[in-house]
Amino acid sequence: MIVSLANPKVKRVRMLQSRRRARYREHRFVIEGVRLAEEVVRAGLVPDFVLYTASLAEEARGAAVLEALEGLGAPCHPVDDAVMRACTDMETPPGLVAVLPFVQLPMPDHPTFTLVVDGVRTPGNLGAILRTAAAAGVDWVLLAPGTVDLYNPKTVRGGAGAHFRIPTRTMGWREIRRHLEGQDVWLAAARGDVPYTVVNWRKPVALIVGGEARGASREAQELAHGRVVIPMERGVESLNAAVATGILLFEVVRQRRSAAA
């Protein structure tokens, strides 16, 4: 059992959790908890290694996911509770952490439903947006410059497995523009021109969602063919970025399902 914070594996986990530069140097990130470990197993990915507590291994669900990870070839190492606490900033330690390579799911050949995230800086918001995009069946997500790190620990936790379900890429605006050719591009805006229920979302579309603090970038505004708005009561300035994204994405789902019925 690993009991020392000086252990190389423990030091590596803590470094990847706290330093973006280390994550991108190694092209590795950390997942926490049984739920995300189950997503890793479902995706057939092999962690570099897994750390877990004895109490997790005694639970049926924990034991099952450890057995599955070992079956994939992942080295699994028990640690004491103090080590697990040091490996996470969660109030309740997850009982399991694993180091994984960055996820590169195949890009869609002919996307008809693209989400562009422009300058969302809060990790929890980005995670929630990714989770919602996966639930809504978005073909892929493009992260524009100024958006928070895809592999920030809070983004990974908030995504609840979306990293393993939906292709996501970070790219510059020139590349984003090239990938959006042939799609109607709508910008979500607090002061938009077109109510979101009026837009024809059945066509190949891309939705750009900006951050709450600064709004959409100049590049996003130039790229968009129109601005879509969610009508709200007077005096309400705006919705949380993740909430607004959810409303808009599931309007796309509603229209497309209605057309298919």
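Buried, in this talk, means under 20% relative accessible area, exposed means over 50%, and partly exposed is what falls in between, with a 1.4 Å probe and protein chains only. On that scale D149 is buried, because its relative accessibility is 7%. I will come back to D149 after the overall picture.

A word on the input. This is a predicted model, in which local features need pLDDT of at least 70 and side-chain atom pairs count only at pLDDT 80 or more, while totals for chains, interfaces and linings use all residues. Residues are numbered from 1 along each chain as its sequence is written, and side-chain values use heavy atoms, with hydrogens and water left out.

The chain as a whole, then. Its secondary structure comes to 11 helices and 11 strands; these are DSSP runs, H or I of at least four residues for helices and E of at least two for strands, numbered from the N terminus. The C-alpha trace spans about 60 × 40 × 35 Å along its principal axes. The radius of gyration is 20 Å, which agrees with the value near 18 Å that a compact globule of 261 residues would have. That radius is taken over C-alpha atoms, and the globule rule is 2.2 Å times the number of residues to the power 0.38.

Of the 261 residues, 49% are buried. The exposed surface of the chain is about 12,900 Å², and carbon and sulfur atoms supply 49% of it. Those areas come from the Shrake-Rupley method with a 1.4 Å probe, and for residues only the protein chains shown count as cover.

For contacts, the cut-off is heavy atoms within 4.5 Å. Taking contacts between residues at least 6 apart in sequence, 79% join residues at least 24 apart.

Next, the domains. Domain 1 runs over 8-101 and domain 2 over 113-258, with bounds from an automatic or database domain assignment. Their centres, taken over C-alpha atoms, are separated by 30 Å. Across the pair, 19 residues of domain 1 are in contact with 13 residues of domain 2.

Now the charged pairs. How many salt bridges does the structure hold? There are 14 salt bridges, each being a side-chain nitrogen of Lys or Arg within 4 Å of a carboxyl oxygen of Asp or Glu.

Back to D149. One of the salt bridges joins the side chains of D149 and R23, at 2.7 Å from N to O. D149 lies in the loop between β6 (140-143) and α8 (153-159), and R23 in helix α2 (residues 20-26), so the pair ties together parts that are 126 residues apart in sequence. R23 is buried because its relative accessibility is 3%. The side chain of D149 also makes a polar contact of 2.5 Å with that of Y24. A polar contact here is a pair of N or O atoms within 3.5 Å; within protein, one must be able to donate a hydrogen and the other to accept it, and residues adjacent in sequence count only if both atoms are side-chain atoms. Leaving aside neighbours within four places in sequence, D149 is in contact with R20, R23, Y24, L126 and T155.

A second salt bridge joins E39 and R42, at 3.3 Å from N to O. Both sit in helix α3 (residues 34-43), and because they are 3 residues apart, about one helical turn separates them. Is E39 buried or exposed? E39 is buried, with a relative accessible area of 12%, whereas R42 is partly exposed at 44%.

R218 and E219 form another salt bridge, their closest N and O atoms being 3.3 Å apart. R218 is exposed, with a relative accessible area of 53%, and E219 is partly exposed at 27%. Elsewhere, R12, E26, R28 and D48 are joined into one network by salt bridges that share partners.

The last residue is R169, in strand β7 (residues 168-170). R169 is buried, with a relative accessible area of 14%. Which side chain does the side chain of R169 meet in a polar contact of 3.5 Å? The partner is Q104. A polar atom of the R169 side chain also lies 2.6 Å from the backbone oxygen of L105. Not counting residues up to four places away in sequence, R169 touches Q104, L105, P106, M107, W140, V141, L142 and L143. F250, 81 residues from R169 along the chain, has its C-alpha atom 22 Å from that of R169.
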